Protein chains: 6
Amino acid sequence: MKLKIINPNTTQSMTEKIGQCARAVAQADTRIIAVSPRMGPASIESHYDEALSVPGILDEILLGEREGVDGYVIACFGDPGLYAAREVARGPVIGIAEAAMHAASFIGTSFSVVTTLSRTCNIAWHLAERYGMERFCRNVRASDLPVLDLEKPGSDARRIITDACRQALAEDRSDCIVLGCAGMTDLCEEIADAIGAPVIDGVTCAVKMAEALVSVRLSTSKRGDWARPLPKAYAGMLSQYALNG
Amino acid sequence: MKLKIINPNTTQSMTEKIGQCARAVAQADTRIIAVSPRMGPASIESHYDEALSVPGILDEILLGEREGVDGYVIACFGDPGLYAAREVARGPVIGIAEAAMHAASFIGTSFSVVTTLSRTCNIAWHLAERYGMERFCRNVRASDLPVLDLEKPGSDARRIITDACRQALAEDRSDCIVLGCAGMTDLCEEIADAIGAPVIDGVTCAVKMAEALVSVRLSTSKRGDWARPLPKAYAGMLSQYALNG
Amino acid sequence: MKLKIINPNTTQSMTEKIGQCARAVAQADTRIIAVSPRMGPASIESHYDEALSVPGILDEILLGEREGVDGYVIACFGDPGLYAAREVARGPVIGIAEAAMHAASFIGTSFSVVTTLSRTCNIAWHLAERYGMERFCRNVRASDLPVLDLEKPGSDARRIITDACRQALAEDRSDCIVLGCAGMTDLCEEIADAIGAPVIDGVTCAVKMAEALVSVRLSTSKRGDWARPLPKAYAGMLSQYALNG
Amino acid sequence: MKLKIINPNTTQSMTEKIGQCARAVAQADTRIIAVSPRMGPASIESHYDEALSVPGILDEILLGEREGVDGYVIACFGDPGLYAAREVARGPVIGIAEAAMHAASFIGTSFSVVTTLSRTCNIAWHLAERYGMERFCRNVRASDLPVLDLEKPGSDARRIITDACRQALAEDRSDCIVLGCAGMTDLCEEIADAIGAPVIDGVTCAVKMAEALVSVRLSTSKRGDWARPLPKAYAGMLSQYALNG
Amino acid sequence: MKLKIINPNTTQSMTEKIGQCARAVAQADTRIIAVSPRMGPASIESHYDEALSVPGILDEILLGEREGVDGYVIACFGDPGLYAAREVARGPVIGIAEAAMHAASFIGTSFSVVTTLSRTCNIAWHLAERYGMERFCRNVRASDLPVLDLEKPGSDARRIITDACRQALAEDRSDCIVLGCAGMTDLCEEIADAIGAPVIDGVTCAVKMAEALVSVRLSTSKRGDWARPLPKAYAGMLSQYALNG
Amino acid sequence: MKLKIINPNTTQSMTEKIGQCARAVAQADTRIIAVSPRMGPASIESHYDEALSVPGILDEILLGEREGVDGYVIACFGDPGLYAAREVARGPVIGIAEAAMHAASFIGTSFSVVTTLSRTCNIAWHLAERYGMERFCRNVRASDLPVLDLEKPGSDARRIITDACRQALAEDRSDCIVLGCAGMTDLCEEIADAIGAPVIDGVTCAVKMAEALVSVRLSTSKRGDWARPLPKAYAGMLSQYALNG
């Protein structure tokens with residue numbers, strides 16, 4: 001099967017890292033396509049950035065539909081544009097926050113999210129609530145690292161995040177840790193070893209969940225509010241987004 | 001004070017109607033500016049439409065900041081882009097679903113929303129939950145009218161919506177009705193008279209709530225996740241959205 | 001319009017202060033009548049005090065109805081008698097806890113209440129739940145000041161409350177502060193300046209919310225459990241409360 | 001032990017019926033005192049009636065404290081004044097809605113309340129939520145009988161209520177029925193026989209719960225918001241309610 | 001009446017202690033039978049132990065039905081097998097966690113559970129949620145004592161638990177304490193005296209609740225999911241559990 | 001990898017069917033072992049049956065640990081013994097209700113469960129709540145088929161269940177259907193085709209979820225309440241369940 005992993009920011013080094021981690025867990029017969037959109041923010045650290053990442057994500061979904069993609073992963077922990085993407089994709093679409101939180105609920109009675117900036121903690125809480133995972137989420141902790149520090153070779157990011165994970169286990173008394181940024185995907189196993197508890201990365205989990213759905217032939221229901229959008233006029237800069245009937 | 005009412009779709013007749021209803025309830029010293037964005041969908045009837053209405057809304061907010069606007073109303077019942085708008089506006093920003101649901105909770109123990117297409121009912125439920133208003137919301141009912149039928153002079157819209165409101169009172173045993181589309185703002189008093197129960201229109205309520213906040217000098221807290229977004233690069237078609245520090 | 005602000009305790013200095021703050025934010029054409037009931041406790045610091053403040057509040061509402069009052073504010077943070085008042089008033093009735101909590105939810109993702117005695121914290125939590133505002137309320141903090149200390153000229157109240165607000169911001173990580181007593185209404189702007197975050201006073205917010213509802217011609221629905229009470233015999237000391245049909 | 005059952009309305013025939021049913025289930029060594037207050041409404045069918053029943057209830061609690069009462073039951077399904085009563089009583093105080101709902105949760109996975117007028121249904125829902133019993137409550141059904149019809153010898157009340165109970169079982173698929181008015185206490189066994197399912201009467205349950213608490217020497221905690229109210233001035237008609245320190 | 005108290009573990013000293021405490025609060029005409037099952041774990045400190053205590057509990061219920069037992073208490077704070085027991089018993093069945101939590105909600109606005117090992121805290125939280133008591137439960141605290149240390153004459157258990165209760169009052173600001181293990185039943189009054197706040201023991205409360213239900217002739221509804229199980233084949237070691245129709 | 005699918009009842013035809021459906025979706029390198037326990041009920045249709053299926057399930061898990069099993073699926077829609085199994089297994093353990101409900105939440109905004117007997121509906125609701133999936137579950141519908149009717153060649157089961165699924169779509173307005181019994185696993189695709197909406201079978205979903213967790217090297221956290229049980233004595237018929245340290 002063909003899975004498209006969309007990194008909603010335009011930072012190519014992160015997209016490559018995400019692609020590598022995805023390929024490392026995919027089935028032999030799964031082809032992973034990892035992309036960044038053609039437009040939008042270099043990183044996503046606010047509701048503003050998130051909202052403005054969505055046109056680029058939808059552009060990639062519309063492209064993917066023409067390319068015969070079987071399923072999609074949106075690889076930003078805010079799961080931006082997830083519902084809109086489900087409306088226009090034929091195959092399943094999974095967000096990495098969604099995949100990671102659900103996986104955490106299968107292996108522990110509680111988890112803590114360790115993310116980047118404090119200002120994004122609320123976004124993670126809202127997703128936990130939306131997905132029914134709030135009851136398992138003991139805390140969302142900011143490491144106060146900007147997202148792009150995860151891409152800087154000599155940065156202290158690795159140590160700072162590992163410390164935040166260790167602190168989460170001790171103070172929140174959580175059973176496991178959910179990494180709150182796609183850019184942390186390559187740190188997952190290393191941190192798990194360092195802290196001696198399960199650490200969950202949404203990128204790899206989402207790849208496996210998408211594969212699972214495709215394998216059992218499940219895709220987004222088109223009966224309800226995720227039905228294909230109605231055709232209509234789109235004005236100005238966004239006129240390209242008008243769909244056919 | 002200067003309030004900007006943003007109709008997130010590009011249908012000008014609806015924007016004018018919204019402006020008129022807003023002016024009818026505003027204080028003598030309030031100046032109402034009603035606009036449609038320069039880009040985006042002709043009507044909002046899906047997550048896809050909603051997501052793609054946000055760049056246009058944010059464009060109007062950024063313009064408004066340069067025009068010295070004191071407060072904003074987002075006049076679509078999905079309250080699209082509300083949190084992103086709060087990040088970039090100095091004054092308060094109110095969504096019409098938010099205003100209507102809160103007002104309903106002040107005058108009744110329960111309300112039903114009467115909206116346009118079924119596929120948007122879930123969006124209203126999600127907002128009710130987000131705002132803490134789910135406990136008052138007994139039902140979200142679709143009239144199965146497309147949004148733009150509300151703009152067609154000879155249409156049956158008025159009767160269909162009045163009937164749906166009457167049915168909501170009878171079957172949901174709700175105390176009052178919330179109109180679930182900005183395009184219904186001019187029908188509010190007429191329907192209230194017809195059904196003999198309070199009918200709440202978000203456009204007029206949001207204008208008064210925005211005025212209230214400006215009057216008591218309250219605006220969006222910048223301490224938490226609605227702080228001003230960090231400056232960063234924006235690529236491609238969206239490069240104009242990069243903010244200064 | 002004519003708004004009646006009922007301070008449910010019998011302490012006249014507090015009533016005057018409340019009246020002044022209400023007038024400072026009211027529209028030019030709003031007439032504010034601020035009163036204390038003819039009976040009841042000097043301050044409200046328990047369920048017992050609260051229950052026994054209600055006959056006096058209802059007495060003032062019944063009087064107000066004869067005086068042509070358009071809307072009411074109940075100016076005690078426990079919102080005593082709110083539902084009973086709504087049953088007998090023609091116009092809208094707003095509680096100050098209700099108004100403050102709703103306003104807080106428009107400008108922040110979270111608030112802390114700073115109130116007087118610890119024993120009343122639960123009352124505030126119950127209201128937050130009743131109004132659907134529990135999800136925004138991070139903490140209810142007692143300053144352990146008795147209510148009437150707020151009326152003593154030389155008291156330390158101002159400093160103690162400002163400190164509690166500052167602590168709430170730091171420890172609860174709340175976006176804004178809700179003042180948990182009508183007697184704090186005059187401190188609102190000063191504390192906001194001191195702590196650098198929005199501070200919300202229920203008295204002024206309730207005045208504006210009541211004005212808003214009157215302006216858009218919304219009043220308590222009489223269809224449900226806030227319909228006018230049935231006429232019936234009242235015995236003993238309370239015989240005056242018997243209503244006509 | 002000495003238990004005082006307070007019927008919060010002033011209808012003496014109901015008080016006598018309540019006393020008889022209470023005595024029928026009490027332990028041999030329990031003395032039941034059943035009273036109506038010296039003031040207040042003839043029946044309780046609104047928030048207004050309920051609020052104005054509380055001064056009479058508290059009067060009886062204050063009297064009871066001087067009479068050496070060991071525990072109290074408030075015998076109106078709205079449990080009026082329960083928290084205020086707990087503040088001033090030494091022994092436990094139980095409401096009949098509270099007792100009935102808790103008992104129902106011990107013997108079934110779901111219950112329906114069958115009560116008098118529709119306008120009081122919301123009060124029952126609020127109590128269910130307050131007590132944590134909302135998850136067991138499938139429905140609150142009004143029989144649309146005024147309370148005092150239950151006292152009229154030749155009335156149809158018995159049949160109407162039995163029918164409503166039968167309908168509740170069938171339509172709500174509830175396991176058992178909670179009677180929503182103290183005036184139905186004498187109908188409990190008869191209805192249970194008629195409908196073939198458990199029917200729960202709050203009066204008898206509350207007597208046994210109060211006995212249970214007294215027997216294991218548990219009474220209201222005085223550490224939190226049910227501590228004894230502070231002494232203070234009470235003005236006007238209510239001056240008698242001022243407590244000593 | 002005849003009540004059977006089942007201590008689900010096989011430690012006889014604990015069973016005797018439970019029987020004594022139960023008899024001390026029972027009515028004069030109640031006969032208490034306290035037993036341990038014929039099979040199962042020596043103590044219950046995991047989901048595994050709990051699951052494997054249930055066959056022994058059900059064996060005692062089936063025996064009890066032949067002995068004419070009127071009601072049952074399951075005396076382990078995880079309330080193991082409660083719903084299965086209700087399906088096969090004619091009379092009411094009460095769990096001690098259930099009884100203690102409900103009693104706590106009658107006398108305080110909040111409680112903390114003090115239990116044995118940390119790994120069982122989640123079980124108590126799940127029960128609190130199941131019973132609707134989560135809103136009253138501020139904390140579940142482990143003393144990190146293994147259950148059987150409560151049976152060792154010279155152990156420090158008494159002091160350790162009293163200290164944990166005192167800490168709970170101070171740190172959780174709870175109104176009262178629920179003891180989280182049947183083996184603590186004899187410590188209840190002593191700890192209450194030591195800490196100056198109500199302490200609730202499930203064993204004695206459950207006895208009184210079971211007596212209460214039997215007295216008002218209430219027993220498990222057989223209409224819903226607690227109906228008698230269908231007859232069917234049982235294989236292997238468990239063949240004795242096959243029920244007749 | 002080696003996955004063990006435990007059908008908790010002793011009906012061998014169902015076990016074989018489950019094994020076949022599991023193999024049809026498994027990865028090429030996954031070996032599926034499908035078993036029934038050596039003891040317990042022929043079908044699971046009550047809390048009693050469910051409780052008594054757990055010793056057999058745990059027996060198979062303990063065996064599996066000696067056989068080098070990498071992950072487990074518990075193939076009964078009540079997910080019996082799931083938490084106890086997680087305590088004793090090294091690899092992940094997934095319940096079929098858990099897997100199906102989570103998968104449903106990835107592809108629709110709402111689902112209805114279609115199950116066997118009415119008396120088991122509550123069990124499904126409890127699981128939905130436990131897993132955080134209650135918000136997506138619109139209804140649990142009984143077809144009133146006994147479980148073993150699904151094994152009878154000439155039975156009407158197929159038609160009855162398809163009809164119940166069709167009715168669920170129409171009346172509950174759900175986006176998709178969750179099959180509420182492992183014995184329905186072979187009907188999944190056929191019903192999906194018949195009703196034109198996604199139908200989710202827990203057996204196949206659980207196989208893929210277990211594979212996913214093993215692939216990303218996640219297993220049950222041993223830090224919290226799913227740590228390995230403490231060694232202790234087990235009496236009587238269950239003495240074989242005593243674990244080593």
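Start by selecting chains A and B: a rotation of 180°, with 0.0 Å of shift along its axis, lays chain B on chain A at an RMSD of 0.0 Å. Keep in mind as you click around that this is a predicted model.

**Stop 1: the A and B pair**

Now pick B:A51. Among the residues of chain B, B:A51 comes closest to the rotation axis, with its C-alpha at 3.6 Å. Then colour the interface residues on both chains. In chain B, 100% of them are also interface residues in chain A, so the two copies meet through the same surface.

**Stop 2: inside chain A**

Hide everything but chain A and colour it by domain. The domain assignment gives domain 1 as 2-96 + 204-241 and domain 2 as 97-201. Put a centroid on the C-alpha atoms of each domain of chain A and you'll find the centres 22 Å apart. Where the two domains of chain A touch, domain 1 brings 28 residues to the contact and domain 2 brings 31 residues.

How much area do domain 1 and domain 2 of chain A bury between them? It comes to about 2300 Å², with 62% of it on carbon and sulfur atoms. To see where the domain 1 side of chain A loses the most area to domain 2, show A:K17, A:E45 and A:F77 as sticks; together they make up 32% of what that side buries.

Stay at this domain interface of chain A for the polar side of things. There are three salt bridges across it, and 18 residue pairs in polar contact. For a salt bridge in chain A to look at up close, select A:R86 and A:E98, whose side chains meet at 3.0 Å, N to O.

**Stop 3: the C and D pair**

Bring back chains C and D. Chain C goes onto chain D with a turn of 180° and a shift of 0.0 Å along the axis, at an RMSD of 0.0 Å. That is the relation of a two-fold axis. To find that axis from the chain C side, select C:A51, which comes closest to it of the residues of chain C, at 3.6 Å for the C-alpha.

Next, show the contact residues: 46 residues of chain C are in contact with 46 residues of chain D. Chains C and D bury about 3900 Å² between them, 62% of it on carbon and sulfur atoms. On the chain C side, add sticks for C:Y48, C:R119 and C:M237, the residues that lose the most area to chain D and together account for 21% of what that side buries.

Why do the copies C and D meet through the same surface? Because 100% of the interface residues of chain C are also interface residues in chain D.

Between chains C and D you can hunt for six salt bridges and 30 residue pairs in polar contact. A salt bridge to zoom in on joins the side chains of C:K232 and D:E45, at 2.8 Å, N to O.

**Stop 4: into the core**

Which residues touch the most other members of the largest nonpolar core? Of its 557 residues, those are A:I161, B:I161, C:I161, D:I161 and F:I161. Centre on C:I161 and look past its neighbours within four places in sequence: C:I161 is in contact with C:V114, C:S143, C:L145, C:L150, C:L179, C:M184, C:L187 and C:I191.

**Last stop: pairs that stay apart**

Finish by selecting chains A and D together. They do not touch, and their nearest C-alpha atoms are 17 Å apart. Then swap to chains B and E, where no contact joins the two and the closest C-alpha atoms lie 17 Å apart.

Terms used: Residues are numbered from 1 along each chain as its sequence is written. Chains are lettered from A and ligands numbered from 1 in the order in which they are written. This is a predicted model: local features need pLDDT of at least 70, side-chain atom pairs count only at pLDDT 80 or more; totals for chains, interfaces and linings use all residues. Side-chain values use heavy atoms; hydrogens and water are left out. Copies are superposed by least squares on the C-alpha atoms of residues with pLDDT of at least 70 in both. Contact means heavy atoms within 4.5 Å. A nonpolar core is a set of buried Ala, Val, Leu, Ile, Met, Phe, Trp, Tyr and Cys residues joined through side-chain atoms within 4.5 Å. Buried means under 20% relative accessible area, exposed over 50%, partly exposed in between (1.4 Å probe, protein chains only). Domain bounds come from an automatic or database domain assignment. Buried area is the accessible area (1.4 Å probe) that two parts lose on being put together, summed over both. A salt bridge is a side-chain nitrogen of Lys or Arg within 4 Å of a carboxyl oxygen of Asp or Glu. A polar contact is a pair of N or O atoms within 3.5 Å; within protein, one must be able to donate a hydrogen and the other to accept it, and residues adjacent in sequence count only if both atoms are side-chain atoms.
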